[in-house]
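Student: Please show me the sequence and the structure, and then we can go through some questions.

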Amino acid sequence: PKMDQGAFLLAKITGWENLDLVTGPASIYFGGSYIGESMIQTRNVKDTLDLSMGRDAKVLVTRTKLTDYSSTSFIGTKRKESYAYEMVIKNNRQSTVEIELLDQIPISQDSDIEVEVLEVSGGSFDPITGKVSWKYTLAPGQTQKVKIAFSVKYPKNKSLNIKQSKTRQARMF
């Protein structure tokens, strides 16, 4: 949700080796409507073929900064900024969906800058990449809320840019 508040459909096909698929573009239809194209990569060495199926407009994801829990303070020669975000996932489908929510906490590459994880709402946090993930099964109409919070302590004479970036990375299969 930090990069894109859309939900994306992903098909996981087992036994794909027996389907005589070839590498190339594939037209995707969902619910009788043309959605777009995806790319089939048959050089996959895994037993499951992942196929991107495009956006799912019936699963809503929002990410909101919680101003009550975000702050800036000064401690001696350091500045401490706290950030907190709430993400809400809502399943507007008539069927149950499995969803993986991904977000990220910044990782410091500078020894003068300290990042402390304050809350990940039961998510799985990887301290090397900063990636936080949650997996949920949502019933029709169900809503799930998660909170992510962290603080950054750094020298007063440095400036940081921790704001949301609009750069997108394409998922490769």
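The questions below go from the whole protein to one residue and one sheet.

Tutor: This is a predicted model, in which local features need pLDDT of at least 70, side-chain atom pairs count only at pLDDT 80 or more, and totals for chains, interfaces and linings use all residues. Residues are numbered from 1 along each chain as its sequence is written, and side-chain values use heavy atoms, with hydrogens and water left out.

Student: How many helices and strands does the protein have?

Tutor: Helices (H or I, at least four residues) and strands (E, at least two) are DSSP runs, numbered from the N terminus. The elements are listed as β-β-β-β-β-β-β-β-β-β-β-β from that end. The count is zero helices and 12 strands.

Student: Is Thr 48 buried or exposed?

Tutor: Thr 48 lies in strand S4, residues 48-55. Buried means under 20% relative accessible area, exposed over 50%, and partly exposed in between (1.4 Å probe, protein chains only). The relative accessible area of Thr 48 is 19%, so Thr 48 is buried.

Student: Which residues does Thr 48 touch, not counting those up to four places away in sequence?

Tutor: Contact means heavy atoms within 4.5 Å. With that cut-off, the residues touched by Thr 48 are Lys 12, Ile 13, Thr 14 and Trp 16.

Student: Which are the edge strands of the open sheet with the order S8-S11-S10?

Tutor: This sheet has three strands with antiparallel pairing; two strands pair if DSSP finds at least two bridges between them. S10 and S11 (residues 131-138) pair over two bridges. Strands that pair on one side only are the edges: S8 (97-104) and S10 (124-125).
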